[in-house]
Every structure is written in structure tokens, then in C-alpha cells.
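Please walk me through this model, from the overall fold down to single side chains. Keep it brisk.

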Amino acid sequence: MSDWNPDDLATIDADGELRVAAHRTDGTLRDPRIVWHVVVDGRLYIRSVRGTDGAWYRGVQRTGTGEIDSGSIRCEVIFVHDDSRDDAIDRAYRDKYGAGEAVRRITAPAARATSLRVEKR
């Protein structure tokens, strides 16, 4: 189960965008990037619309840690690759953001390969 407080998770979920900043190997934060996010089964997920070529995604892969800021909630996190709920994540993206081109890209195979579960640190 998620370690998120249910109220915090609901607040994050209600925000349309999430700012993600990965830690560098020296512990400093990279510049934040805006990503779309969804909550599935009480867990927070993000993906790279550019697949594994996304700069923020490559940064996250180096250390696995960073910070998120939804505008309402800001905290240190761990990023864990998790493709176990990809179909449900796709549905959640469509439900939250609609059926436009951006959603088609975030639910495409290249983006699905970058599914990350975001856990509090």
C-alpha cells in the first residue's frame, strides 16, 4: 500500500500538473519539469511523454530520488519503475486528461515503458 496520506494524495491528484526535479549525484536538484500524473489504486504514477529520451526521466534514472511539487504539496520522493498497472494507468490518464493527442502520446508504448510509481521519501 502507498505511504501517502490519503488527503495529500487526493490534493495532488486534483492538481493538473506536477513538477518533478531529480536529485543529481551530488544531492542538488535538477531544474523541475512539468509532467502529468495519475493516481491508481492509492498510488501516484508519472510517465515521460518522450519515453526514455525525456531529459527529466534520464535524470530520475541516475539517482531514483528527487522532489515533486503539485502546487499544493511539495515533498522528497523515490521513483520506482512499475509497469504492473500500465493498463489502469492508461485508463486513469484518459479519465483525467481526455482523449487528445497528448494523452495518446502518454499512453503509447514508449511512454508506458517509463511508468514510475512515486513514493514519499
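In which helix is the place of Glu101? Glu101 sits in helix α4. Helices here are DSSP runs of H or I with at least four residues, strands are runs of E with at least two, and both are numbered from the N terminus. Glu101 is partly exposed, at a relative accessible area of 47%. The scale is this: buried means under 20% relative accessible area, exposed means over 50%, and partly exposed lies in between, with a 1.4 Å probe and protein chains only. Between the C-alpha atoms of Glu101 and Glu67 there are 28 Å, with the two positions 34 residues apart along the chain.

Some ground rules come next. This is a predicted model, in which local features need pLDDT of at least 70 and side-chain atom pairs count only at pLDDT 80 or more, while totals for chains, interfaces and linings use all residues. Residues are numbered from 1 along each chain as its sequence is written, and side-chain values use heavy atoms, with hydrogens and water left out.

Now the whole chain. It has five helices and seven strands. Along the sequence they follow the pattern α-β-β-β-β-α-β-β-α-α-α-β. The C-alpha atoms fill a box of roughly 40 × 35 × 25 Å along the principal axes. The radius of gyration is 13 Å, which agrees with the value near 14 Å for a compact globule of 121 residues. That radius is taken over C-alpha atoms, and the globule rule is 2.2 Å times the number of residues to the power 0.38. Of the 121 residues, 44% are buried. Contact means heavy atoms within 4.5 Å. Among contacts with a separation of 6 or more, 68% join residues 24 or more positions apart.

Turn to the other end of that Glu101 distance. Glu67 lies in strand β5, residues 65-69. Why does Glu67 count as buried? Its relative accessible area is 13%, so Glu67 falls under the 20% limit. Its side chain makes a polar contact of 2.7 Å with the side chain of Arg74. A polar contact is a pair of N or O atoms within 3.5 Å; within protein, one must be able to donate a hydrogen and the other to accept it, and residues adjacent in sequence count only if both atoms are side-chain atoms. Not counting residues up to four places away in sequence, Glu67 touches Arg19, Val20, Ala21, Leu29, Arg74, Cys75, Glu76 and Val77.

Arg117 is another buried charged residue, with a relative accessible area of 15%. Its place is in strand β7, residues 116-120. The Arg117 side chain makes a polar contact of 2.8 Å with the side chain of Glu119. Beyond neighbours within four places in sequence, Arg117 contacts residues including Arg43, Leu44, Tyr45 and Ile78.

Next comes the largest pocket. Its volume is about 280 Å³. Of its 13 lining residues, the closest to the centre are Ile34, Val35, Val49, Arg50 and Trp56. Three elements give two or more residues to the lining: β2 (33-35), α2 (55-63) and α4 (101-106). The largest share, three residues, comes from β2. A pocket is found on a 1 Å grid over the protein atoms alone, as an open set of points where a 1.4 Å probe fits, with protein on both sides within 12 Å along at least five of seven lines; lining residues have an atom within 4 Å of a point. Points are joined across faces, edges and corners, and the volume is the space filled by probe spheres set on them.

Trp56 is one of those central lining residues. It lies in helix α2. Trp56 is buried, with a relative accessible area of 13%. The C-alpha atoms of Trp56 and Arg33 are 6.6 Å apart, although 23 residues separate them along the chain. Arg33 is also in contact with Trp56, as are Val20, Val35 and Leu116, among others.

Two residues remain. Tyr93 lies in helix α3, residues 86-97, and is buried at 0% relative accessible area. Its contacts beyond four places in sequence include Trp36, His37, Val38 and Val103. Asp41 is found in the loop between β3 (37-40) and β4 (43-46). At 55% relative accessibility, Asp41 counts as exposed. Its phi is near 50 degrees, a positive value in a residue other than glycine.
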